[in-house]
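Subject: Structure handover and notes

Hello,

Please find the structure below, with my notes following it. Tell me if anything needs rewording before you pass the notes on.

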Amino acid sequence: MPSEDSVERSARAAVGEAVDPPPSFVEQANVSDPGVYEAFAEDWPDCWDRAADLLSWTEPYDAVLGGAGPPFRWFDGGRLNASYNCLDRHVENGRKNQVALTWEGRLGESRTYSYLELYREVNEFAAALRDIGVEEDDVVTLYLPMIPELPVAMLACARIGAPHSVVFAGFSADALAERMDDADSAYLVTCDGYYRRGAPVHQKSKADNAAIGLDQDVTTVVVDRLGDGTPLAEGEHDYEQLVATHRGETVEPVARDATDQLFLIYTSGTTGEPTGVRHTTGGYLAHVAWTAHAVLDIKPEDTYWCSADIGWITGHSYTVYGPLALGTTTMLYEGTPDHPEKDRVWELIERNAVDVFYTAPTAIRAFMKWGEKHPDRHDLSSLRLLGTVGEPINPRAWNWYRDHIGNGECPVVDTWWQTETGGVMISTLPGVDRMKPGAAGRPLPGIGADVVDGEGEPVDPGESGYLVVTDPWPGMPLSMVHDEDWFAAREPTRPSLDDYDWAYFTEDGATVDEDGYVTLLGRVDDVLNVSGHRFATMEIESAVADVTGVAEAAVVAGPHELKGEAVYAYVSPAEGASEAALREQVHEAVESAISPIAVPDVVVFTPDLPKTRSGKVMRRLLESVAHDEDLGDTSALRNPEVVGELESALDDEE
Ligand code: WT7
């Protein structure tokens with residue numbers, strides 16, 4: 001079973017020496033009372049009032065948690081609007097001139113929006129969306145790079161109760177079409193193009209190609225990002241013009257039920273097809289506002305930067321909704337960290353006096369590799385707190401981050417969560433807890449999680465097992481409680497959860513120590529984590545297998561110094577196919593079916609894939625080959641001779 005193997009493989013993870021947060025941080029922290037864990041536990045689920053209290057409700061809720069079993073209804077009976085919470089109330093509270101959004105563009109441009117300015121543009125675009133026909137509950141697909149129009153469009157959708165579906169701009173036309181089709185989305189906001197490492201990406205032509213295959217007619221809004229005027233076809237609208245037509249208009253924020261859908265986001269599960277995860281308005285917003293407050297320690301007067309792309313859940317929760325709900329200044333960066341120079345990130349932090357910085361281990365590993373001379377050239381003393389998310393961070397990278405970016409002082413929060421959880425679930429509270437590099441921390445106050453064995457029994461400290469969430473939480477998605485298939489699709493790798501009234505299996509392996517600190521060991525399903533981006537091996541495999549000239553293919557995770565995991569494709573070519581040409585086609589196929597990020601790092605050609613006697617491809621073996629590990633017992637193979645060939649083919653490759 002691949003699952004147990006990957007748990008074993010990463011069980012080497014070590015935890016570094018524990019560190020206390022400095023008193024200067026604790027003194028000013030949003031949450032610094034060590035009694036918070038107990039207080040939440042004694043008062044569950046009503047403890048979550050504290051999260052809901054960070055929001056403004058149009059209609060107060062009757063119960064913190066409605067429903068004794070699924071479907072759970074967080075803040076049942078309550079009504080609110082997410083755009084009102086992120087904008088209007090700050091404008092009304094005398095903070096209209098505070099900067100809401102500061103944008104650093106790829107071409108060296110920058111733009112800032114005060115809360116009043118953002119409020120105005122969101123209102124104008126909301127009016128425009130209505131004008132082109134968008135109604136409450138229509139799904140609007142947003143296919144935009146990191147430009148201010150993306151959060152504007154998200155909040156405009158939220159204002160009129162139209163769930164948005166943000167599709168990462170780097171995804172291909174096919175991937176966009178698949179998502180629009182699944183969501184039955186007839187509205188698309190995109191742009192003409194944008195620059196990526198100096199080269200233009202023609203976003204609009206990708207969008208056009210996607211529309212061709214769709215059953216529904218699509219109404220498209222195009223942002224002129226390249227600035228050279230976009231020729232528009234019938235049924236297409238120019239963003240600037242639309243907004244200008246509605247200049248000065250305001251749109252009453254639509255009061256939504258707490259359990260109404262705020263947005264939809266696609267992620268990769270075990271299967272080949274991406275799954276739509278539907279998040280709620282009340283529970284989600286309360287969860288992300290609370291965790292932005294308690295874990296990221298965000299204050300209204302801060303400048304805060306989360307480097308994740310808004311195309312992923314991290315950007316939704318901690319670039320847009322969480323920070324704006326708290327009324328802080330959130331920064332948006334369109335570029336890459338090494339352009340024009342490898343000190344770009346530190347230059348931006350210095351120039352904008354960033355207080356809190358949240359990024360991914362893959363980025364930290366790259367920063368380490370580039371060397372401390374880059375951060376050392378800059379004054380990073382504005383930083384108060386650092387965060388990481390997306391994959392396990394090893395103690396060496398954690399310490400480097402704290403020493404060289406955090407001046408040896410800033411607490412570092414290693415936050416574990418998923419697209420499905422909506423917001424952070426496991427982390428230290430930086431104003432309360434001692435940190436252990438390499439361990440994320442305990443489940444947050446009010447969050448129930450256990451590490452269990454296959455029988456669902458909690459494991460002893462130090463033993464590895466499966467991470468399960470044992471209580472419902474405010475940020476839980478609608479999909480989880482309404483779709484029967486959700487659990488059914490996960491059956492094969494699930495530990496038994498019969499002893500729990502209700503539990504959610506995260507598909508992650510973990511260990512827990514005697515203090516309850518959880519160390520994550522990676523996925524136990526067939527999901528790859530490439531630079532913090534999530535893909536199913538099946539998804540990539542089917543793109544590779546579709547290439548003419550590929551007889552058979554298998555895709556597994558291999559090691560990668562910077563990206564965490566690399567994509568390894570084992571390809572058995574059809575008779576007469578040229579390997580060089582095939583390699584090129586494999587790259588192109590994956591890029592066009594999914595995204596450049598998913599393109600295999602290593603393509604190994606082999607006359608045959610290792611198979612069991614029943615003809616199943618032995619992925620465990622292919623993973624071990626990729627990890628250069630002892631292959632153990634290969635006697636179950638029908639074709640053991642292929643193993644030696646594979647190893648030497650891989651050596652040639654590397
Ligand atoms: C998977 C979820 C959460 C937003 C970004 C990714 C891995 C996430 C950590 C962490 C170790 C982590 C898990 C999880 N993961 N955070 N702090 N330590 N692993 O969201 O694309 O839904 O991926 O990312 O494997 O299951 P996602």
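Valine 468 stands opposite phenylalanine 505 in strand E23. Strands here are DSSP runs of E with at least two residues, helices are runs of H or I with at least four, and both are numbered from the N terminus. The valine–phenylalanine position belongs to the pairing of strand E22 (residues 464-469) with strand E23 (residues 504-512), which is antiparallel and runs over five bridges. Two strands count as paired if DSSP finds at least two bridges between them.

This is a predicted model, in which local features need pLDDT of at least 70 and side-chain atom pairs count only at pLDDT 80 or more, while totals for chains, interfaces and linings use all residues. Residues are numbered from 1 along each chain as its sequence is written, and side-chain values use heavy atoms, with hydrogens and water left out.

The four-stranded sheet

E22 and E23 are part of an open sheet of four strands in the order E21-E22-E23-E24, with antiparallel pairing. Strand E21 (449-452) and strand E24 (518-523) are at the edges with a single partner strand each, so one side of each has no neighbour in the sheet. From one strand to the next, the twist averages 40°. Angles in these notes run from 0 to 180 degrees between N-to-C directions, and axes are lines fitted to C-alpha atoms, for helices over the stretch in contact.

Threonine 519 is in the edge strand E24. Threonine 519 has a relative accessible area of 5% and is therefore buried (buried is under 20% relative accessible area, exposed is over 50%, partly exposed is in between, with a 1.4 Å probe and protein chains only). Threonine 519 is 126 residues from isoleucine 393 in sequence, with 9.6 Å between their C-alpha atoms in space.

The seven-stranded sheet

A second open sheet has seven strands, ordered E5-E4-E17-E16-E18-E19-E20, and its pairing is mixed. Its edges are strand E5 (110-114) and strand E20 (412-415); each has a single partner strand, so one side of each is without a neighbour in the sheet. Neighbouring strands of this sheet are turned by 20° against each other on average, direction ignored. Within the sheet, strand E4 (residues 99-104) pairs with E17 in the parallel sense over four bridges. Leucine 101 has threonine 330 in E17 as its bridge partner.

Helix H6 (residues 115-131) packs on this sheet and touches E4 and E5, with its direction at about 90° to that of E5. Helix H16 (residues 395-405) also packs on the sheet, touching strand E18 (356-359), strand E19 (385-389) and E20; its direction makes about 150° with that of E19. Contact means heavy atoms within 4.5 Å.

Helix pairs

Two packed helices are described by the angle between their axes and the distance between the axes.

- Helix H7 (residues 149-160) and helix H12 (residues 313-326) have axes that come within 12 Å and cross at roughly 60°. That makes H7 oblique to H12 (under 35 degrees is roughly parallel, over 145 roughly antiparallel, 65 to 115 roughly perpendicular, and the rest oblique). The crossing is right-handed, meaning that the near helix is turned clockwise from the far one by less than a right angle; anticlockwise would be left-handed. Pro151, Met154, Leu155 and Ala158 in H7 meet His316, Val320, Tyr321 and Leu324 in H12.
- H21 and H22 pack at about 35°, with their axes 10 Å apart. H21 also passes H22 in a right-handed crossing. On the H21 side Leu621, Leu622, Val625 and Ala626 make the contact, and on the H22 side Val643, Leu646, Glu647 and Leu650.

Backbone exceptions

Most residues other than glycine have a negative phi, and most peptide bonds are trans. The following entries depart from that.

- The tryptophan 44 to proline 45 bond is cis, with omega near 0°. Proline 45 is in the loop between helix H3 (36-42) and helix H4 (49-52).
- The histidine 339 to proline 340 bond is cis, with omega near 5°. Proline 340 is in the loop between strand E17 (329-333) and helix H13 (344-352).
- Serine 531 has a positive phi, near 50°, and is in the loop between strand E25 (527-530) and strand E26 (533-536).
- Aspartate 628 has a positive phi, near 55°, in the loop between helix H21 (619-626) and helix H22 (642-653). Aspartate 628 counts as exposed, at 72% relative accessibility.

Regards
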